[in-house]
Amino acid sequence: MRQIKSAVYQEIFFYGIAAIVMGILVGALDALFGEVLILITQFRGHHVAVLLPFLAIAGLAIVYVYQKFGKNSSKGMGLVFTAGNKQDEEIPKRLVPLVIGGTWLTHLFGGSAGREGVAVQIGATVGYTFGKKLPFQDAKKILLVAGMAAGFAGLFQTPMAATFFALEVLMVGAIEYRALFPAAISAFAAAYTSHFFGLEKFSVDLDVAVPVDLAFAIKVIVLGIVFGAVGGVFAKLLKITKSWMAQKITDPYRRIFVVGVLLTIVLLALHMGRYSGLGTNLISASFQEGTIYGYDWVLKLVLTIVTLAAGFQGGEVTPLFSIGASLGYWLAPVFGLPPEMVAALGYASVFASATNTFIAPVFIGVEVFGYDTLPYFFAIVSVAYVFNSGHSIYAQEKMKSDYLQ
């Protein structure tokens, strides 16, 4: 018995050490990626009319590099999920520079995309590589999850949300709690490391006072249904659009070029690149009493789906934050609630719905908007999670609906 306990604690010790090293490494890579992306975003903002016309050319370069050097790296997040569920044996290290470079190009030339996909793939690659070096059963899967947590935390500096995001998203309904300890350590290590290297955290002091009564509860339920439906629609449409484009234009070069040209025309016509990039401009406007149009969230949703379905690189989470925040800001007067409050609720709950996760979005809410908001986010996310129809932007092996049958 003592030998068994000793072996268990030895395994935990090695996971902890590996998690610290992974967190520092991934946090540093996240800081580099994030800082350069900020500079790219600022540069594009000042030269959008010059850069956007070259979006299709940038797309061709992305496809060429992936075709020439990527091998199975083109699977992206799908590769992470299949590796985590033991279907693929390798996550190639070349995935890291390819996904970073492809995302920088997408953002420089105005594609509407996110960034978390890069961070999570960086973390997963590092974690999987570390896991292969340890002699413990399921070490690759456990440290892959820890790496995913580090990637998310290093980029957004929300380590608690990142920990549960990695635990929840790999397989809905079967949380890998064995990975909790190394995931938490790597997430906090990555968040502190990226902050040390200068990457700033987005946060808002949500100082609003709303009476919690029956009327408020009804409003939260209705808003949760709306946000849940929007997140579910985003996830469903993304899957349908990717499949439809792949069938209609089978050549990836032609697909990304044709769609890139169309995106250039549309993005320039719609407020000169307002919907390019991450969508942080919409997030800022939602919390700083800026200009938000009633159609902002719709256009950001559609253009992000088209950008990613065409083959451009990036992620979905930050655009989801912007979709939820701008939709919430627009809906606030209808419900007679403070705009910044409803924007915050949309920020977390659309993310919850589209990713088919529950605990992580609650922590996103409290880590970004303050711990005193926990009851609000728990309530809104609960409703949104139920009303997303079981869809997810990620290629999870087990969906929520599978466990309800």
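**Exercise 1.** In this predicted model, determine which residue forms a salt bridge with Arg274 and how far apart the closest N and O atoms are.

*Solution.* Starting from the side chain of Arg274, one finds Asp296 as its salt-bridge partner, with 2.7 Å between the closest N and O atoms; this falls within the 4 Å that the assignment requires. The next step is to place both residues: Arg274 belongs to the loop between helix H11 (252-269) and helix H12 (280-287), whereas Asp296 belongs to helix H13 (residues 296-310), so the pair ties together parts that are 22 residues apart in sequence. As for accessibility, Arg274 and Asp296 are both buried.

**Exercise 2.** Establish how many salt bridges a search of the whole structure finds, and characterise the one that involves Arg178.

*Solution.* The search of the whole structure yields two salt bridges. In the one that involves Arg178, the side chain of this residue meets that of Asp138 at 3.0 Å, N to O. Because Arg178 sits in the loop between H8 and helix H9 (180-196) and Asp138 in the loop between helix H6 (116-133) and helix H7 (139-156), the pair ties together parts that are 40 residues apart in sequence. Turning to accessibility, Arg178 is partly exposed, with a relative accessible area of 44%, while Asp138, with 18%, is buried, since the cut-off is under 20%.

**Exercise 3.** Decide whether helix H8 (residues 159-169) is largely enclosed by the rest of the structure or largely open.

*Solution.* First, list the buried residues of H8, which are Pro159, Ala161, Ala162, Thr163, Phe164, Phe165, Ala166, Leu167, Glu168 and Val169. These are 10 of the 11 residues of the helix, and H8 is therefore largely enclosed by the rest of the structure.

Terms used:
Residues are numbered from 1 along each chain as its sequence is written. This is a predicted model: local features need pLDDT of at least 70, side-chain atom pairs count only at pLDDT 80 or more; totals for chains, interfaces and linings use all residues. Side-chain values use heavy atoms; hydrogens and water are left out. Buried means under 20% relative accessible area, exposed over 50%, partly exposed in between (1.4 Å probe, protein chains only). Helices (H or I, at least four residues) and strands (E, at least two) are DSSP runs, numbered from the N terminus.
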